[in-house]
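Me: Please show me the sequence together with the model, and then let us work through some questions about them one at a time.

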Amino acid sequence: MANRRMISLSVVDSDVFLNMPHSTQSLYFHLCVRADDDGFIDSPQKILRIVGCKDKDLNILIDNKFVIPFKSGVIVIVHWKLSNRISDKRRIPTLYNDELQTLIEKNGVYSIKNDLNTECIQNVSKANTECIQNVSKMSDSIVKDSIVKDSIVKNINNTPTNQEETKKKIIKHKYGEFKHVLLSDDEMKRLKNDFPFYEDLIKILDEYCETSGKTYKNYSLVLRKWVLDEYNKSHKVNHYNDNREDAYNEPVETDTSTDDSIKF
C-alpha cells in the first residue's frame, strides 16, 4: 500500500464538504490517507479513536455520500478513483473483494449496485445492519414463492450434514510478538516449507498491524504478497524458488515513499 495519497480539489472545495464540521472534514482526510489502493478502510472505528472524532462525524460522511459503509464494518471512499488513479503494475488489489463486487464505478465515483430495488440502511454506531427491501410492487404470487423458498433453505441448513460442516471450522492460531497474525496449521506449514525466513515475514506483518491498527481477513495472502515484496526489497535478494508453483515471478511494486503529506 502506498504512503502517498491524492485528494481532488473538486471534492473538498464543494459547499457540501465545506459545510460539514471541521472534525468531520479532518476525519475524511485521515480516512483517505489510510485507505488501501482501492479506497477501502477496514478499521474506521479505530481511526475515530486515534484522531479524536466521534461516530456522528462518520455518520455525516455517510449521509453526505463521501463514504459507503458495509455490513462487515469496512467502508470505502466514494470519490476514491476521482482522486487516485493507480496503474495495475503498482496497485495492490484490495482484500475486500466481496464488498468491491457490490459496487459500480462511474467517472471515478463508487456507488452501490441497486439490484431488485433494495435499499440498505446502515448505522455505523451499531454492529447490526438492517436491510429494508421494497416489495410493494411485487405480486402476491412472487411473495408467496419467496416464502416457500426461504422455508426450503431453512430446512436444508438444519440438516445433519450442514451441522457437521459448521462444527468443522478452521482454527487459526496467533503468531508474532503482538499476536496479530492469524494462521491455520495448514497455512503455517506451507509458509515454513516455502520460506525459510518465514519468522521474519511474520514479524514484519505483526509489527505493522501493531503500529497501524490494521486487521486482515487473510493474513496468509498478505504475507505472500506485499510483506514478501517488502522483505525482498530490504534484502535485495530473491529468497524463493522460481520453479515453485506459487512463486511470484513479478512481485507487486509499491510506493515506499515516507512522505505522508496529503496532496491537493
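**Loops, a core and a helix pair**

Me: Which word fits lysine 65, buried or exposed?
Reply: The classes depend on relative accessible area, where buried means under 20%, exposed means over 50% and partly exposed lies in between, computed with a 1.4 Å probe on protein chains only. Because lysine 65 has a relative accessibility of 60%, the class for this residue is exposed.

Me: What kind of model is this, and which atoms do the side-chain values use?
Reply: The model is predicted, so local features need pLDDT of at least 70 and side-chain atom pairs count only at pLDDT 80 or more, whereas totals for chains, interfaces and linings use all residues. Residues are numbered from 1 along each chain as its sequence is written, and side-chain values leave out hydrogens and water and use heavy atoms.

Me: Where is lysine 65 placed, and what is its phi?
Reply: Helices (H or I, at least four residues) and strands (E, at least two) are DSSP runs numbered from the N terminus, and lysine 65 sits in the loop between H5 and E3. Its phi is positive although the residue is not glycine, with a value near 65°.

Me: Which class of accessibility does lysine 179 have?
Reply: Lysine 179 is found in the loop between strand E9 (172-175) and strand E10 (181-184), and this residue, which is not a glycine, has a positive phi of about 60°. Because its relative accessible area is 46%, lysine 179 counts as partly exposed.

Me: Which element gives the largest share of the largest nonpolar core?
Reply: A nonpolar core is a set of buried Ala, Val, Leu, Ile, Met, Phe, Trp, Tyr and Cys residues joined through side-chain atoms within 4.5 Å, and the largest one has 32 residues, with Leu27, Tyr28, Leu31, Leu58, Leu61 and Ile77 having the most contacts inside it. Among the elements that give two or more residues to this core are helix H1 (9-12), helix H4 (44-51) and strand E4 (75-77). In soluble globular proteins, nonpolar side chains tend to be buried together. The largest share here is five residues, and the element that gives them is H3.

Me: How are helix H3 and helix H5 oriented to each other?
Reply: Axes are lines fitted to C-alpha atoms, for helices over the stretch in contact, with angles running from 0 to 180 degrees between N-to-C directions. The axes of helix H3 (residues 22-34) and helix H5 (residues 55-63) come within 9 Å and cross at roughly 80°. Angles under 35 degrees count as roughly parallel, over 145 as roughly antiparallel, 65 to 115 as roughly perpendicular and the rest as oblique. Therefore H3 is, relative to H5, roughly perpendicular.

Me: Which residues of H5 meet H3?
Reply: Contact means heavy atoms within 4.5 Å. From H3, the residues that take part are Ser23, Thr24, Leu27, Tyr28 and Leu31, and those they meet in H5 are Asp57, Leu58, Ile60 and Leu61.

Me: Which word fits serine 83, buried or exposed?
Reply: Serine 83 belongs to helix H6 (residues 80-83), and its side chain reaches the backbone nitrogen of serine 8 at 2.9 Å. Beyond its neighbours within four places in sequence, serine 83 touches Met6, Ile7 and Ser8. Because its relative accessibility is 16%, serine 83 counts as buried.

Methods
A polar contact is a pair of N or O atoms within 3.5 Å; within protein, one must be able to donate a hydrogen and the other to accept it, and residues adjacent in sequence count only if both atoms are side-chain atoms.
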